[in-house]
Amino acid sequence: MMRPQAVVFDWDNTLVDSWDCILATYNATFRHFAMPEWSMTEARARVAKSLKDSFPDMFGERWTEARDVFTATFEAIHLEYLRPLPGVEDMLRQLRADGLYLAVVSNKRGAFLRTEAEVLGWSDCFGALIGATDADADKPAVAPVTLALAPRHSLPAAQVWFVGDSPIDMHCAVNFGCVPALLRSEPPQPGEFDAHPPAYYFPRPETLLDKLRELSVPKPAI
């Protein structure tokens, strides 16, 4: 396996801890519609797609109303919940110092994504921050990855890693043809990634950096 020239990251629960905020926002939306609320386990199992891809099935003809409630609730609270995951900022700074091109592809609305990156002081780490509706389609489609890599349009897909925490991220990586890498403390669960297995599993940002250092060491000639 070759060392990548670019790394595309998911955002929520890959770089920042978002589950408490996500659960609070969904449950506020469910209360608006007098629907049963979710537990954290249910949220973790069900949340992956963007709102425009998931809400029509969840809320039917009232999905745009649900989208507006969700968006207003999230906008009011998301910065209060914003927390970087341990080791992530050091990892991003090291990757940039090593000359890698970094980008984000998220199913979070693009304006919220870019605001969070700005608040964290991370905007300068990324060549592109692509959120839901910024491209013609959202993850797992290839369109947002294509847009994220536009400044490096000549870069072969095999030299790109897509790093995320969920099956939809691995699916997106496989669709695009780049290397799927799982970054989260929880190891893959039985059957979770059968359809689109990650090429790498990194329990911490430091282990991702270790793998890149390993791939940077020239192999001896045979």
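**Entry 1: T133**

I count a residue as exposed when its relative accessible area is over 50%. I note at the outset that the model is predicted. With that cut-off I looked up T133, whose relative accessibility is 53%, so the residue counts as exposed. I placed T133 in the loop between β3, residues 128-132, and α7, residues 143-148. I then listed its contacts beyond four places in sequence and found K52 and D138. I also read the backbone: phi of T133 is near 75°, which is positive although the residue is not glycine. For a distance across the chain I took T64, which lies 69 residues away in sequence; the two C-alpha atoms are 14 Å apart.

**Entry 2: other backbone features**

I looked up A34 as another residue with a positive phi; its value is about 55°, and A34 is not a glycine. I found A34 in the loop between α1 and α2, the latter being residues 40-46. A34 counts as exposed because its relative accessibility is 72%.

I next examined the peptide bond between K139 and P140, which is cis with an omega of about 15°. P140 is in the loop between β3 and α7, and I had already placed T133 in that loop.

**Entry 3: α1 against α4**

I looked up how helix α1, residues 19-32, packs on helix α4, residues 63-81; the angle is about 145° and the axes are 9 Å apart. I recorded the crossing of α1 and α4 as right-handed. On the α1 side I listed D20, C21, A24, T25, Y26, A28, T29 and H32 as making the contact, and on the α4 side E65, A66, V69, F70, T73, F74, I77, H78 and Y81. By class, ten residues of this contact are nonpolar, five are polar and two are charged.

**Entry 4: α1 against α3**

I repeated the reading for α1 and helix α3, residues 51-59: the axes come within 13 Å and cross at roughly 35°. This crossing is right-handed as well. From α1 the contact uses Y26, T29 and F30, and from α3 it uses L51, F55, M58 and F59. I classed six of these residues as nonpolar and one as polar, with no charged residue. I noted that Y26 and T29 appear in the α1 list for α4 and in the α1 list for α3.

**Entry 5: nonpolar cores**

Which residues touch the most other members of the largest nonpolar core? I found F9, W11, L15, M91, F126 and W161, in a core of 31 residues. Among the elements that give two or more residues to this core I noted the strands β1 (6-9), β2 (101-109), β4 (160-164), β5 (179-183) and β6 (200-202), together with the helices α5 (88-97), α6 (110-120) and α9 (205-216). A second, separate core has 18 residues, including C21, I22, Y26 and F30.

I then took W11 on its own. Beyond four places in sequence, W11 touches V16, V104, V105, S106, K108, L113, E116, A117, L120, W122, F126 and L129.

**Entry 6: S106 and S18**

I followed the contact from W11 to S106, which is in strand β2. S106 counts as buried because its relative accessibility is 2%. Apart from residues within four places in sequence, its contacts are D10, W11, D12, L113, I130, G131, A132 and K139. K139 is the residue joined to P140 by the cis peptide bond. I also took the C-alpha separation of S106 and T25: 17 Å in space, with their positions 81 residues apart in sequence.

For S18 I recorded a place in the loop between β1 and α1. S18 has a relative accessible area of 6% and is therefore buried. Leaving aside residues within four places in sequence, S18 is in contact with D12, N13 and K108. D12 also appears among the contacts of S106.

**Entry 7: cysteines**

How many disulfides does the structure hold? I found zero. I looked at C172 in particular: the closest cysteine sulfur is that of C178, 6.9 Å away, which is too far for a bond. The cut-off I applied is a sulfur pair within 2.5 Å. C172 is buried, since its relative accessible area is 0%. C178 also counts as buried because its relative accessibility is 6%.

Key: Residues are numbered from 1 along each chain as its sequence is written. This is a predicted model: local features need pLDDT of at least 70, side-chain atom pairs count only at pLDDT 80 or more; totals for chains, interfaces and linings use all residues. Side-chain values use heavy atoms; hydrogens and water are left out. Helices (H or I, at least four residues) and strands (E, at least two) are DSSP runs, numbered from the N terminus. Buried means under 20% relative accessible area, exposed over 50%, partly exposed in between (1.4 Å probe, protein chains only). Contact means heavy atoms within 4.5 Å. Axes are lines fitted to C-alpha atoms, for helices over the stretch in contact, and angles run from 0 to 180 degrees between N-to-C directions. A crossing is left-handed if the near helix is turned anticlockwise from the far one by less than a right angle, and right-handed if clockwise. Ala, Val, Leu, Ile, Met, Phe, Trp, Tyr, Cys and Pro count as nonpolar, Asp, Glu, Lys and Arg as charged, and the others, Gly among them, as polar. A nonpolar core is a set of buried Ala, Val, Leu, Ile, Met, Phe, Trp, Tyr and Cys residues joined through side-chain atoms within 4.5 Å.
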